[in-house]
Amino acid sequence: MDKAPEAFRTISEVADELEVPKHVLRFWEAKFAQLKPMKRGGGRRYYRPEDVQLLRGIRFLLYNDGYTIRGVQKILREHGPRFVMDYRSIAEDEEQGDAMPTHEIPDIAAETAQSGGHALSREPDARPGKLDAKTLGILIEELAACTRVLTLARE
């Protein structure tokens, strides 16, 4: 017998649904303060539908988009749990070609590490303070992506 969508789920049910071990869910609870399943006698966990939706979003960011724990923590801090809950469905809609606005969350730390410690990689002969057309184009695209993310977060 299947449970109603609004029913609470046990850790085993959530682990099976998300295809992750139970210890991973417990670890995520320690790392993401926004995850707060109800605990009953004996410490048995019951996940609300919102908890499961947030876990789906976290799993998608970690496993599909390759974010680190710290990266997802930063997204939760800056955009809130609702954004992470909805992120998976927005990303899947985009993959299917639906008419959703495109957006991306820039991973500035990874970009900085890849560019050798500089937020923007520049041509070797480029002078600081003077940007070429290609770099300006990249900046404009990043600003547009940030604007889209902020717009979605406000909705």
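How many residues does α3 have, and what distance does α3 reach from its first C-alpha to its last? In this predicted model, α3 has 16 residues and reaches 21 Å between those two atoms, close to the 22 Å expected at 1.5 Å a residue.

Helix α3 also takes part in the nonpolar interior. The largest nonpolar core has 27 residues, and those with the most contacts inside it are Leu 25, Trp 28, Leu 55, Ile 58 and Val 72. The elements that give two or more residues to this core are set out below.

| Element | Residue range |
|---|---|
| α1 | 11-18 |
| α2 | 22-31 |
| α3 | 49-64 |
| α4 | 69-79 |
| α5 | 81-95 |

The most is given by α3, which supplies seven residues to this core. Buried residues of α3 include Val 52, Leu 54, Leu 55, Ile 58, Phe 60, Leu 61 and Leu 62; Asp 51, Gly 57 and Arg 59 are buried in α3 as well. Leaving aside residues up to four places away in sequence, Ile 58 touches Trp 28, Phe 32, Leu 35, Val 72, Leu 76 and Val 84.

Two residues are noted for their backbone angles. Gly 66, which follows α3, has a positive phi near 75°. Glu 19 has a phi near 60°, a positive value in a residue other than glycine. The place of Glu 19 is in the loop between α1 and α2. Glu 19 counts as exposed because its relative accessibility is 64%, and exposed means over 50%.

Notes
Residues numbered from 1 in each chain as written. Predicted model: local features only at pLDDT ≥ 70, side-chain atom pairs only at ≥ 80, totals over all residues. Heavy atoms only, no water. Core = buried A, V, L, I, M, F, W, Y, C linked by side-chain atoms within 4.5 Å. Buried < 20%, exposed > 50% of the residue type's maximum accessible area, 1.4 Å probe, protein only. Helix = DSSP H or I, 4+ residues; strand = E, 2+ residues; numbered from the N terminus. Contact = heavy atoms within 4.5 Å. Expected span 1.5 Å × (residues − 1).
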